[in-house]
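Me: I have a fold open on my screen and would like to talk through its sheet and one of its helices. Could you walk me through them?

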Amino acid sequence: MALNKLLTIALLCITCTALRLLPAAAFSSISIPRTAHKARISGLLMMSADVESETTIADIEEITTFASKNGVDLKFTTNPTRGYRGVAVSKKDPENILGYIEGFIRPAGKVLHADKMEIFKSALYSARRENDSFTGGGTYLGPGLLIAFVCLLHGIENGCQTIEFLAIDDAEFQHKRLIRYYKTAGFEEVRYVGEELKDIPDRLVWGGCGTLMTNDIEQVLQKWTRIIRGANRRMERENNE
């Protein structure tokens, strides 16, 4: 029995030694080309950039630069009563107002109140006629996204955490289109503000009937940043082709 144990221990030691030596011998015989090294490093850098673009929020300089590349100039003003107004105009014709958003920061609570938003289709058509390269804002959400981005950045700078607005119900078909657009943009429905007695307080605040919508500002801006940076990468690829 003692001899068998000694033989077993000896075999285990030989096996462990072989297992320790084999990986070193095996990997030392594999050479990685320098091009593969570069490709791997490049891939890691791209992954790092993608992770950053997923987590960071574009600043005002990035947004205005992107807008300018797509034929849009952005203007933003505030007033002493905590009101704000964001406007998009055609870069080729500053008198051509493409759309605007206005509202205010609520005195109580950390809420950015968006009171009005309007995009003028006739102004977009006019901008396209003046400039063949005009893309309507560079993303599928149009210039409204660019104006809203600046307004939401203003909200964050002033301590706001959420944004609220009413998708006005002037006509059923148009109202449904508005809801689809805002949901695509990243907003969520809260409730419908109608003509019942319980809706009177909301109607006094919003001035009409419609669907109240909201979301976390940072969450929305992160989504919009991904959209804008994705569109920017596509533009760069197309320019390099």
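Me: Happy to start small: which residue in S2 stands opposite Phe76?

Reply: This is a predicted model, where local features need pLDDT of at least 70, side-chain atom pairs count only at pLDDT 80 or more, and totals for chains, interfaces and linings use all residues. Residues are numbered from 1 along each chain as its sequence is written, and side-chain values use heavy atoms, leaving out hydrogens and water. Strands here are DSSP runs of E, at least two residues long, and helices are runs of H or I of at least four, both numbered from the N terminus. S1 and S2 (residues 83–90) run antiparallel, joined by seven bridges, and the residue opposite Phe76 is Gly86.

Me: Which strands stand at the edges of the sheet?

Reply: The sheet is open, with mixed pairing and the order S1-S2-S3-S4-S5-S7-S6; two strands pair if DSSP finds at least two bridges between them. Each edge strand has a single partner, so one of its sides is left without a neighbour in the sheet. They are S1 (72–78) and S6 (188–193).

Me: And which residues of helix H4 are buried?

Reply: Buried means under 20% relative accessible area and exposed over 50%, with partly exposed in between (1.4 Å probe, protein chains only). On the face of H4 turned away from its buried side sit the exposed Lys121, Ser122 and Arg129. In H4 (residues 121–130), the buried ones are Ala123, Leu124, Ser126 and Ala127.

Me: What do those buried residues pack against?

Reply: Contact means heavy atoms within 4.5 Å. The buried residues of H4 pack against S2, S3 (97–105), S4 and helix H5 (143–157).
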